[in-house]
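Hi there,

Here is the structure I promised to pass on to you. Please have a look at it before reading my notes underneath.

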Amino acid sequence: MSVGPLCTAVFVPITGMGSLFKPAVFFVVLLPFGLLVLRVLQNSLGPDPAQELAIETGEWTLRLLLITLCMTPLRQLTGRLEFVRVRRMVGLFALFYASVHFLVWISFLLSFRWFAIAEELVERPYITVGFAAYLILIALGVTSPLAMVRKLGRNWKRLHRLVYLAAILAVIHLLWILRTNISEAVIYGAILAILLGYRLASYVGKQNRTAR
Amino acid sequence: MLIKKPDDIKPSEITPESVYRNRREFMKDSSKLMLGAAVAGMSGMVNGQEGDALKARAPASLEGSSPPSWLAKKFTDIKPAPDSEPFFTGETLTPYRDITNYNNFYEFGMDKDHPSRRSDKFQTDPWSIVVTGEANKAGRYNLEDILKPLDLEERVYRLRCVEAWSMVVPWIGFPLADLLQRFEPSSKAKYVEFETLVDPETMPGVTSRFAIVDWPYREGLRMDEAMNPLAFIAVGLYGSILPAQNGAPLRLVVPWKYGFKSIKSIVRINFRETQPLTSWVDLQASEYGFYANVNPNVHHPRWRQDKERRLPQTLFSRKYIDTRLFNGYADQVAHLYEGMNLSVYY
């Protein structure tokens with residue numbers, strides 16, 4: 001799998017129904033944020049709104065990360081380029097939700113007590129892990145414009161493989177905070193395992209083909 | 001027991017504050033009434049929710065689930081809380097709706113609204129408690145026989161959850177010591193252990209494959225903790241009988257400890273010589289201790305404990321307050337832990 005064809009695919013003009021796909025995805029992934037804003041305005045987040053916001057934004061970050069990771073396999077399985085065309089956008093939305101999640105945590109949950117925030121980052125493994133995942137997403141977001149893709153060349157792909165690590169860390173982050181019922185983390189973890197397994201299988205397959 | 005969703009509660013069904021207070025003969029105590037009214041007025045302004053937050057929201061529909069008549073009768077004569085700490089706090093009461101819709105009761109599910117939404121099949125009548133272990137009067141007791149000789153009183157306590165949120169709850173019940181003494185614990189009884197009901201038919205959370213609690217939920221106290229006057233058994237809140245999600249028909253209230261110690265829907269009381277293995281210690285001993293005293297200086301691996309979010313909150317008027325040692329009840333309970341290193345016995 002090389003960067004070339006996927007990158008050039010982005011520049012091929014699309015016509016017909018395909019051109020609506022990207023804006024449609026844009027609105028769908030923005031919708032959860034819109035609904036959260038609505039609940040904030042209606043004051044209907046329950047008696048502990050900060051906690052609720054943190055839970056919702058965290059979950060949407062993880063969901064969007066997993067959806068991002070679905071795009072390449074979906075293109076390969078269906079042959080449809082639309083999936084790869086929205087990959088970066090969905091990934092950036094994951095970064096967006098992660099940023100809101102982080103802001104909710106430092107503002108509403110920790111009231112900008114910087115010393116406490118620093119202590120939390122160091123002392124609580126689940127927070128350290130979540131923050132590491134967030135830093136990775138920032139690095140990927142910053143290097144996502146096409147100019148950066150060109151500038152980094154082969155290294156771009158190496159760097160962006162870190163998205164796998166970010167997703168793994170995000171699942172660990174969730175698993176660690178759940179108190180007893182770990183079903184959610186198990187489901188997300190299973191989806192991630194399938195997505196990573198798919199990549200491993202196609203990598204091994206390719207190695208075998210080149211070896212022959 | 002029929003529990004309606006809050007949306008189903010018509011404003012006309014909500015017991016007006018004046019009625020609630022009359023019923024408890026609060027009028028006798030005019031100074032507290034004025035304090036209460038002042039607090040209610042203030043909180044009403046802050047929250048701006050349907051007038052005030054202090055109004056008793058015990059909806060008629062809940063009482064309409066018709067508690068057995070002997071129990072309903074008990075609720076007509078409740079001794080009001082004294083007007084000073086530790087049995088009363090002047091802090092704003094958490095509204096009934098929040099106390100009854102924001103619960104950790106994993107037998108009904110993991111989310112905060114699961115206990116209120118999924119407990120409509122839960123039955124509390126008939127109810128009995130099995131008393132076992134180091135006591136002269138071990139045996140099975142019907143709830144009616146347990147409650148018969150006890151007078152109900154009100155206690156307004158702070159409730160501090162280990163998840164760093166807190167509420168102020170007007171409980172109805174009786175001192176735990178009054179109950180335990182009737183079973184005549186022997187000199188060997190150094191600890192008392194409690195168990196919650198496990199009923200897969202009416203408690204959907206216990207059938208979940210991913211819930212890693214080893215049911216039944218178990219909690220315990222050292223005997224001197226259990227005999228402390230603050231330790232309380234609640235059978236009601238806001239002047240009416242306890243809803244299922246709050247631990248009906250009777251639950252423990254130990255206000256100087258994190259909320260998970262205050263075990264709900266008790267079916268077994270076991271007196272023992274050795275410290276019991278409680279559910280959270282069993283699950284994660286590195287995170288949860290047997291004592292679980294509220295302590296701002298001992299941080300839980302998951303949650304900072306130096307501050308708490310007093311519920312209900314809104315995003316832009318947050319009540320983010322300092323957590324106090326023993327949840328502010330140090331004068332009453334600190335002597336129980338003299339000489340103990342609270343970082344070791346957390």
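Below is what I found, starting with confidence and then moving on to one helix pair and the contact between the chains.

Please keep in mind that this is a predicted model. For chain A, the mean pLDDT is 89, with 91% of its residues at 70 or more. Among the elements of chain A, α7(A) has the highest mean pLDDT, at 97, and helix α1 (residues 3–9) has the lowest, at 46. Over residues 1–9 of chain A, pLDDT stays under 50, and the model has five contacts beyond four places in sequence for that stretch.

Now to a pair of helices you can look up in chain A. Helix α5 (residues 87–109) and helix α7 (residues 125–142) have axes that come within 10 Å and cross at roughly 135°. An angle over 145 degrees would count as roughly antiparallel and one of 65 to 115 as roughly perpendicular, so α5(A) and α7(A) are oblique to each other. The crossing of α5(A) past α7(A) is left-handed. Who meets whom there? On the α5(A) side are A:Gly91, A:Leu92, A:Ala94, A:Leu95, A:Ala98 and A:Phe102, and they meet A:Tyr134, A:Leu137, A:Ile138, A:Leu140 and A:Gly141 of α7(A). Sorted by class, the residues of this contact are nine nonpolar, two polar and no charged.

Finally, the two chains. Chain A brings 18 residues to their contact and chain B brings 22 residues. On the chain A side, the elements giving two or more residues are α3 (49–78), α6 (114–123) and α11 (183–211). That side has nine nonpolar, six polar and three charged residues.

Enjoy exploring!

Methods:
Residues numbered from 1 in each chain as written. Chains lettered and ligands numbered in written order. Predicted model: local features only at pLDDT ≥ 70, side-chain atom pairs only at ≥ 80, totals over all residues. Contact = placed C-beta atoms within 7 Å. Helix = DSSP H or I, 4+ residues; strand = E, 2+ residues; numbered from the N terminus. Nonpolar A, V, L, I, M, F, W, Y, C, P; charged D, E, K, R; others polar. Axes fitted to C-alpha atoms, helices over the stretch in contact; angles between N-to-C directions. Parallel < 35°, antiparallel > 145°, perpendicular 65-115°, else oblique. Left-handed = near helix turned anticlockwise from the far one by under 90°. pLDDT = per-residue confidence, 0-100.
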